[in-house]
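Colleague: I have the two chains open on my screen and would like to go through them with you. Could we begin with the strands and then move on to the helices?

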Amino acid sequence: MGFFQNLLKKLKFNPFGRKTHIKLGLYGPPNGGKSTLANRICQDWLGEEMSSVSHVAHETREIKIKEQINIKNQKGKELTFSLVDTPGIATKIDYEDFLKRGMKKGVAKKRAKEATKGVIDSIKWLDNMEAVVVVLDATKDPYSQVNITIMGNLQARKIPVLIAANKTDLKKANLDVIKAAFPQYDIVGISAKYGKNVEDFYEQLFKLAK
Amino acid sequence: MVTFQFVQYQDVEKLGSAMRVNKLLNIVKENKIVLMEGRLTKQEEADLIEITMQEISPKFKGIELSVVYPDKSKQDAMQKIKGSFAKVLLGDRQGMTIIGPASVVKRIEKNPDKIELFTKEAPVTNKRYRKKKR
C-alpha cells in the first residue's frame, strides 16, 4: 500500500482533484512583509501570532512553521496548509547596516551571521514547498535580480506561485509595475499590516492549491 | 577606480555548475565587476546566492547581481527560431550577467530596456578634504 501511495505522490496524482493539505511557503526579499502576512493569516484563522516583525531587515533569520491552518471561503470550501515563514533572500548582508540601526557591534555581527544562514536555509527549503506566496513590497522596484531568481527557481521546480504585492496602504505602492514585471503570475494587492484586501488573498490561495 | 572583467561564454561553457559559480565569485572577491557573456541557469543563480552567503565576512559583504536577457515575448517567430538554432549550435550566449562586489556596487537598477549600475563613492580622506578647503 505504501508503495502505491509513494508512486501516486511521485506522479503527483491526486484522485480527488484538490490537495487537502499543502505546505505553503512565504518567500521574498527582506522586509517585504512575509512575517506580517504570516501573522495576519495566523491571527485571522488561529487567533495567535507566528513571527516577530521589525523595520530592521532580517528580523526572521530561521524557518518558522505553523502546522494545520484551516481556512474557509464564502462558498464553504476548506483548505488546510502548513505555513512556512522563511527568512528574506538577499545577495548581500553587511553587519554595518545593523550598526546604523543602533545595534552594538557584537549583536550586529551575530545578526548578520544568522541572516546569512537564514538565506541559505530559505533556498534549501524551496524543494520542500508545494505552493508559494512571493511577498513583494509594492513600493519597491520589482525588477531586482533576487525577485527574478526566486521566481525562476519556483518556475523551474513547477511550484505554483501567487504574488502578494504588500504595503498597498502606502502612497508609493504601485501594483501596475509589479503586474508589468510578472505578467504570467496571479498578483493580489494587500496590506498585511492593516488587513486590506486579505479576503481576496485568501480566495486566491484556494486557486493556488488546485 | 572600478575594474570590469569580461568573461566570455567559452571560458565557462565547459565548467560544471559549481566550478562556474566559484570562478565568477572568485573574480568578484578580487573587487572586480564581472561582465559575463550569457547567463547562469536559475539553479546556478540560487547556488551563487547560497555560496555568497557562505563566504560573507566583515571584508566580503556580498554581491550585486543583474541579468540582461532578450525579452522573448517581444521577439517574432523568425527571431525565436534563429535564437533556438543558435542556442543548440553555440549554447545560450544571449544576454549578459553582471556581478559586482557589494562593497563597490551600491545597486544595479534594471528596467526592461536599460541597466544602471551605481557604485559606492570612495571615502574622502582627511588629506583630500584639507586640500579642498584651501
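Colleague: In which sense do β2(A) and β3(A) pair, and over how many bridges?

Modeller: Bearing in mind that this is a predicted model, β2(A) and β3(A) run antiparallel to one another and are paired over 7 bridges.

Colleague: What stands opposite A:Ile69 there, and what links the two strands?

Modeller: A:Phe81 in β3(A) is the residue opposite A:Ile69. The two strands make a hairpin with 5 residues between them, and within the turn A:Gly76 has a positive phi of about 90°.

Colleague: Switching to helix α7 of chain A, which residues are buried?

Modeller: In α7(A), which spans residues 198-208, the buried ones are A:Phe201, A:Leu205 and A:Leu208. They cover an arc of only 60° around the axis, which means that they lie on the same side of α7(A).

Colleague: Why would that spacing put residues on one side?

Modeller: With 3.6 residues a turn in an α-helix, residues three or four places apart point the same way. On the other side of α7(A), A:Asp200 and A:Lys207 are exposed, while the buried residues of α7(A) pack against β2, β3, β4, β5 and β6 of chain A.

Colleague: And α5(A), does its length agree with what you'd expect, or disagree?

Modeller: It agrees, because the 12 residues of α5(A), 145-156, should span 16 Å at 1.5 Å a residue, and the end C-alpha atoms are 16 Å apart. Just after α5(A) comes A:Lys158, which has a positive phi near 60°.

Colleague: What covers the buried residues of α5(A)?

Modeller: The buried residues of α5(A) include A:Ile148, A:Ile150, A:Met151 and A:Leu154, and also A:Gln145 and A:Asn147. Their cover includes β1, β4 and β5 of chain A, together with α3 and β3 of chain B.

Colleague: So chain B comes in; how many residues are in contact between the chains?

Modeller: On chain B there are 22 residues in contact with 17 residues of chain A. The elements of chain B that give two or more residues to that side are α3, β3 and β5, and α3(B) provides the largest share, 9 residues. By type, the side of chain B that touches chain A divides into 9 nonpolar, 6 polar and 7 charged residues.

Colleague: Last topic, the largest nonpolar core: which residues touch the most other members?

Modeller: That core has 69 residues, and those touching the most other members are A:Val133, A:Val134, A:Ile163, A:Ala164, A:Ala165 and A:Ile178. Leaving aside residues up to four places away in sequence, A:Val134 touches A:Tyr27, A:Gly28, A:Ile150, A:Met151, A:Val161 and A:Ile163.

Methods: Residues are numbered from 1 along each chain as its sequence is written. Chains are lettered from A and ligands numbered from 1 in the order in which they are written. This is a predicted model: local features need pLDDT of at least 70, side-chain atom pairs count only at pLDDT 80 or more; totals for chains, interfaces and linings use all residues. Two residues are in contact if their C-beta atoms, placed from the backbone, lie within 7 Å. Helices (H or I, at least four residues) and strands (E, at least two) are DSSP runs, numbered from the N terminus. Ala, Val, Leu, Ile, Met, Phe, Trp, Tyr, Cys and Pro count as nonpolar, Asp, Glu, Lys and Arg as charged, and the others, Gly among them, as polar. The expected span of a helix is 1.5 Å times one less than its number of residues. A residue is buried if 20 or more other C-beta atoms lie within 10 Å of its own, exposed if 12 or fewer, and partly exposed in between; C-beta atoms are placed from the backbone. The arc is that of the directions from the helix axis to the C-beta atoms. A nonpolar core is a set of buried Ala, Val, Leu, Ile, Met, Phe, Trp, Tyr and Cys residues joined through C-beta atoms within 7 Å. Two strands pair if DSSP finds at least two bridges between them.
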